[in-house]
Amino acid sequence: MEKKKEVLIIIPAYNEEKTITALLEQLEKPEISELADVLVMNDASLDSTNWITKRRNHAVVTHVFNLGYGSGLQLGYKYAVRKKYQYVIQMDADGQHDVCNIPAIYKALTTPDKDGTVPDIVLGSRFMEGSTEFPVSAAKKIAFVWFRFLLRRGTGKDFTDPTTGLQGLNWKTFLFYSKYNNFDDKYPDANMLMQMSLLGFHIREIPAVMHPRVTGVSMHSGLKPFVYMFRMTFSLMAVWIREKILKMDVEKGYDLEKH
C-alpha cells in the first residue's frame, strides 16, 4: 500500500493553460511527487486548465463561477482538512514559483529554530539574502515598503516580502484558515500576516527562487497596485483593531489548541 503523503500542494489557477503543463511536469518529478500530492483549484477557467490537470491525473476542483484567488485557497484548505494532510504548500500556476522551493519550505516547516519552535507559516521571500533577483515595478516597490512599515508598526516584526504567494502552512494554520470568517476570501496577503502574528502563530521567512511571469497578465498589473495598496491598507488597519484592540479572535486560537 502506498504511504500517505503529508503534504498537499495547492495551486489556484485561472486561464493558465500556457503555463500549467510545464509546472505539473516539474511537480511530477520524484523529488516532489514522493513528498506531496497536487490539488489545482480551477477558478472557472475559460481555457483548458481543467482538462490538462485531469489528463495528468492530479486532483482538481473546478468552480462553476469565478470566485477569486482567496476563495480558491480557502476551499483548498477545506480539502486538506478533509483529507487529513499535515502540511499545505501553496504556489502560483503561472510559473513564477520554482518547484525547487517545495522541499525547502517543507524542511523549514519541520525544522525547529534555536528555541525549539517549529513555524506555523513559512514564507518564500523574493527579497532575502539567498533569493534570486526578481524585477519589481516602481508601483509594487512602493506598496512593499508601505506594507512592511505597517506590519512592523502593528506586530513589531519585520517581513521582507509581505505579499508573497509562495507559502507553507502547518495543519493548525490551514485548519484555522478553513473556518468561516478567519480568512480573507478576496485578497489574502499582508493582512493575513498581521492577523496571524497578533494571534501568536509563528512565521518564518526563507529565501526563494522565483521567475518573472512570461505569459498572461498579473492580477496586480497596471494601476491595480495603487488600488490594491489602498484596499490592503484599510484591511491591515481593520485587522489590527480587531485583534489588538478588540481581541475578537483570541478564543479561536485557544480552540485550535484543543485539537
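I will talk about two helix crossings and one surface patch in this structure, which is a predicted model.

Let me begin with the way the helices are described, since two packed helices are characterised by the angle between their axes together with the distance between those axes.

The pair I take up to start with is helix 4, residues 69–82, and helix 7, whose axes come within 8 Å and cross at roughly 125°. That angle makes helix 4 oblique to helix 7, because only angles from 65 to 115 degrees would count as roughly perpendicular, and the crossing of these two helices is left-handed. As for the residues involved, helix 4 brings Gln74, Tyr77, Lys78, Ala80 and Val81, and these meet Phe174, Leu175, Tyr177 and Ser178 of helix 7.

Turning now to the other partner, helix 7, which spans residues 171–178, has an axis that comes within 13 Å of the axis of helix 8, residues 190–198, and the two cross at roughly 115°. Helix 7 and helix 8 are therefore roughly perpendicular to each other, and helix 7 passes helix 8 in a right-handed crossing. On the helix 7 side the contact is made by Thr173, Phe176 and Tyr177, while helix 8 contributes Met192, Gln195 and Met196. Tyr177 of helix 7 is thus listed in the contact with helix 8 and also in the contact with helix 4.

Finally, the surface: Ile241, Ile245, Leu246 and Met248 form a nonpolar patch there, and together these residues have about 390 Å² of accessible area. One of them, Leu246, sits in the loop that runs between helix 9, residues 224–245, and helix 10, residues 250–257.

Methods
Residues are numbered from 1 along each chain as its sequence is written. This is a predicted model: local features need pLDDT of at least 70, side-chain atom pairs count only at pLDDT 80 or more; totals for chains, interfaces and linings use all residues. Side-chain values use heavy atoms; hydrogens and water are left out. Patches are made of residues with over 30% relative accessible area and no salt bridge: like charges are joined within 9 Å, nonpolar side chains (Val, Leu, Ile, Met, Phe, Trp, Tyr) within 5 Å. Accessible areas come from the Shrake-Rupley method with a 1.4 Å probe; for residues, only the protein chains shown count as cover. A salt bridge is a side-chain nitrogen of Lys or Arg within 4 Å of a carboxyl oxygen of Asp or Glu. Helices (H or I, at least four residues) and strands (E, at least two) are DSSP runs, numbered from the N terminus. Axes are lines fitted to C-alpha atoms, for helices over the stretch in contact, and angles run from 0 to 180 degrees between N-to-C directions. Angles under 35 degrees count as roughly parallel, over 145 as roughly antiparallel, 65 to 115 as roughly perpendicular and the rest as oblique. A crossing is left-handed if the near helix is turned anticlockwise from the far one by less than a right angle, and right-handed if clockwise. Contact means heavy atoms within 4.5 Å.
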